[in-house]
Amino acid sequence: MRSNRVSVLALVLLAVACGEGEPSRAGWVDLERLTNADAEPGNWFTLGRTLGETHFSTLEQIHDENVGELGFAWEYRTNTERGLEATPIIVDGILYTTGNWGVVYAIDAATGEERWKFDPRVPGSWARKACCDIVNRGLAVWKGRIYVGSLDGRLISLDAGTGDVVWEADTLIDRNRDYTITSAPRIAKDKVVMGNSGAEYGVRGYITAYDIETGDQAWRFYTVPGDPSKPFEHPELEMAAETWDPNSRWDVGGGGTVWDSMVYDPELNLLFVGTGNGGPWNWTTRSPSGGDNLFLASILAINPDTGRLQWYYQTTPGENWDYTAVQPMILADLEIEGRVRKVLMQAPKNGFFYVIDRESGELLSAEKFATVTWASHVDMETGRPVLTEQADYDEAPKLIYPGPGGGHNWQPMAYNPTTGLVYFTYFDDPAIYSRRENYRFVAGWNNQAVTIEAAGLGNEAQASTQENGGFLVAWDPVTQQAAWRVRLGDGIFHGGVLSTAGNLVFEAKDDGDFIAYAADTGEVLHRIFTGNSILAAPATYTVDGVQYVAVMAGWGGGLLGFYPPGSAVYSYRNEGRILAFKLGGGTVPLPERTEPPGPIPEPPPLEASEETIRRGGELFLKACHECHFNVYGGYPDLRRMSAATHLGFNEIVLNGILADRAMAGFADTLTEEDSDAIHAYLIQMAMEARADELVARQIR
Ligand code: CA
């Protein structure tokens, strides 16, 4: 009784102290504020600012005529050198965002000063489970609390004022499978909903809803059926199972992970959920007799009260190419053929831009925004893509557009209601797909049913003849065509997009330029060199009447380890930071400059048999090569190991003494003999590379 009385008293005192009641609490976002977001344009309440996540701001202090004066306002250094992908959320002058592992930062949005930081303390070994870097795509702010998923699968509720943990829930159904979380949770009414990542790692996709106050699990929706010989967890799976071969590779999990976008519409009381690719990728390996394989690569509309499915639309039936439909979804009202429709828009990996009536699930239109060769068009009668001969790679390798990166990937897009255009970066980057026989499930990276080669490499017959690379497009979702399009360069990964009422589009390139475009014409109005290869989308807000534009800067994600020549990350250290700009700001302080690597140091003497070295090479390909390409880039070139690294080789590889730097230990899969063999192979590689260097010097 006593403790109850104290807490009631504390609440009364808190209410008195705050004067205005709850809204003055830090991080106070509720449905009323969110519904009226345009009345408070100084705030950025969700990842995309509004309920519909448009990534559009009505602010216009910065506009197309004065944006040339935009410059550096402040920076906050995260002290990381990995990908940063989140869009910040700004509430009443505090900027909340996430970095690697699911670390949360609360920053003074006017000065860049840290208010608090929360580290979920994810064990470094989890880096091995993340396909595409130890990234996190953001958080949710709701009624004085922060919601974030950590890489190791925990959904955590924090006090927005202090960063203290309120509750924590384990979202993983099986900790022996390589599930991770890299996406943001979403708030749907009185629930917080979390998805997972890991479709290439032998997992079965699902989302889980929790009571927002207590963290108690409310429901779980699986995106693919489990083994039909066991009971279905919910009724939708019975229907889904009919689209799978009964002898599907249930042991692999099926994939369909929800690793990016969910959007909630309170008016319809529907949560829209984008689902991922199949696991393994190859359709006929996964489900021998074919079938649509629901609910892979689909958009689901789910009632958050019950967890029941209202409608679904599958973008890629029989998913076969890593064509996820998890990409950002925007909700808007569009006038189509004289009728205002409540639509959902998505530009998923498969290269088609979809406009869907979000009330009924009816497909309104679908057209190609990128080069697409797997399908000729989407049949509007059936809503299904019409496959080309080029799509099927079971019998022979095929060059296919888009490749597994997409089309369009996770980088947020923006819908500007003034221009009526949707802005996003996409790329033309085909791949040669071939089916591999004798597929066998192995733990960890588990995609050995398909081989992917870059187009044109040693396969001239299938070389791509067109100019590939990255693009920024302004897409008219009503006419389904580009209003304008800018080629960003040979690099494929560029930044997410922000658009504002100042007739502006902000987007960053891999070469380090943060660029303002005219939203109506695509004209470049201003470039700010940052020295960072930026991937994330900017947000904009005001503090004390000053408009800021802020963006997270840090290279990595799906291209982790590749430092393409010409990119900022090739010449500058990949220093993670949040950058903020304002009118009249200065020049951006650049990250430390890096030098191209010098000569390869002399390795210790090689004391191993040819057989050991050969075996070491095989083990290296299996266990190490996914990260260590041994080129100049984000992961160390192991031919360049220092004397100290050679000495501690087994301690690093087996016992994980560098786990805090995301080099996990492999003692569970490699023996000391294995590690010695890999070491011998790397010494051999270093010796060969040194010999090549010597020859190159003599020729010069
Ligand atoms: Ca994938």
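Biologist: In the hairpin of S13 and S14, which turn residue has a positive phi?

Modeller: This is a predicted model, where local features need pLDDT of at least 70, side-chain atom pairs count only at pLDDT 80 or more, and totals for chains, interfaces and linings use all residues. Residues are numbered from 1 along each chain as its sequence is written, and side-chain values use heavy atoms, with hydrogens and water left out. Strands here are DSSP runs (E, at least two residues), numbered from the N terminus. Five residues sit between S13 and S14, and the one in the turn with a positive phi, about 80°, is glycine 215.

Biologist: Which residue in S14 stands opposite isoleucine 207?

Modeller: Strands count as paired if DSSP finds at least two bridges between them. S13 and S14 (residues 217-222) have five, in the antiparallel sense. Opposite isoleucine 207 in S14 is phenylalanine 221.

Biologist: And on the S12 side, what is the bridge partner of methionine 194 in S13?

Modeller: S12 (residues 191-194) runs antiparallel to S13, with four bridges. For methionine 194, the partner in S13 is threonine 208.

Biologist: How many residues of S13 are buried?

Modeller: Buried means under 20% relative accessible area, exposed over 50%, partly exposed in between (1.4 Å probe, protein chains only). S13 spans residues 206-211 and is mostly covered. Of its six residues, the buried ones number five.

Biologist: Which strands stand at the edges of the sheet S7-S8-S9-S10?

Modeller: That sheet is open, with four strands and antiparallel pairing. Each edge strand has a single partner, so one side is left without a neighbour in the sheet; these are S7 (140-142) and S10 (165-170).
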